[in-house]
Amino acid sequence: MAGQRRQNRILSPDFFKSDALELAPKLIGKYLVREYEGNIFRSIINEVEAYMGEEDLACHASKGRTPRTEVMYREGGHIYIYLIYGMYYMLNIVTGEKDHPQAILIRGTQEVSGPGRLTKFYHIDKSLNTKLLLPETGLWLEESNIELKYKTTPRIGVAYAKEWALKPWRYVAY
DNA sequence: ACAAAGATCCGT
DNA sequence: CGGATCTTTGTA
């Protein structure tokens, strides 16, 4: 039909095989896309945080390989979701090579702020955990032409992580 | 088997 | 600033 919307370029799982610190700023301005029960949700990511390996005390992989963290040891492009405070699902994208546990927490889009509110809004729950970021999964990212300015700050809610809590690994558009 | 803590959010 | 609410993990 005339006037059909151009399909945005889908970011393949391979896109996420580099380091979280390199990828995190690149995710600012990308589309997060969710297909759920026939509805498409598409919004621009404007806040993320990087979690970097076993040394990073804020990273769940600092506990080593456990049933929960196993997915972080897979190659980039996998989805890591966990429940926090008994109520809120956190959406993470695994990054890097196999056996280099890292992830990027998606904290907000232009539609909805806050990682717990975000997953609720987009109907994202643990059923997506360990899946790949692909259209057939119902959750994926797309390229955009939007260039957002961003700043870095320390990560939120990780005061327990000693000196790692000070790393400026939160990226937020302004 | 049990206790403690947690990458949050909301209402007071 | 405290409560909600439950999974994950460490310890015994």
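**Exercise 1. The lining of the largest pocket**

Sort the residues lining the largest pocket of this predicted model into nonpolar, polar and charged classes.

*Solution.*
Step 1. Take the class counts: the lining has 16 nonpolar, four polar and four charged residues.
Step 2. Add the space: the largest pocket holds about 550 Å³.
Step 3. Look towards the centre. Of the 24 lining residues, H60, Y82, G157, V158 and Y160 are the closest to it.
Step 4. Assign elements. β2 (39–52), β3, β4 and β5 each give two or more residues to this lining.

**Exercise 2. The surface near DNA strand B**

Find how many residues surround DNA strand B, and which elements supply them.

*Solution.*
Step 1. Count the neighbours: 20 residues surround the strand. H60, Y88, N92, G116 and Y160 are the closest.
Step 2. Sort this surface by class: 12 residues are nonpolar, six are polar and two are charged.
Step 3. Name the elements. At least two residues each come from β3 (79–84), β4 (88–94), β5 (102–109) and α2 (115–121).

**Exercise 3. Backbone or bases?**

Decide which parts of DNA strand B face the protein, then locate polar contacts to bases and to phosphate.

*Solution.*
Step 1. Use the 4 Å cut-off. Of the strand's atoms within 4 Å of the protein, 53% belong to sugar or phosphate, and the rest to bases.
Step 2. Find base contacts. A polar backbone atom of A58 is 3.3 Å from a base nitrogen. Y82 uses its side chain: a polar atom there lies 3.1 Å from a base nitrogen.
Step 3. Turn to phosphate. A side-chain N or O atom of Y160 is 2.4 Å from a phosphate oxygen.

Conventions: Residues numbered from 1 in each chain as written. Chains lettered and ligands numbered in written order. Predicted model: local features only at pLDDT ≥ 70, side-chain atom pairs only at ≥ 80, totals over all residues. Heavy atoms only, no water. Near = heavy atom within 4 Å. Polar contact = N/O pair within 3.5 Å; in protein donor to acceptor, adjacent residues only side chain to side chain. Helix = DSSP H or I, 4+ residues; strand = E, 2+ residues; numbered from the N terminus. Nonpolar A, V, L, I, M, F, W, Y, C, P; charged D, E, K, R; others polar. 1 Å grid on protein atoms, 1.4 Å probe; cavity = no way out; pocket = protein on both sides within 12 Å on 5 of 7 lines; lining within 4 Å. Points joined across faces, edges and corners; volume = space filled by probe spheres on them.
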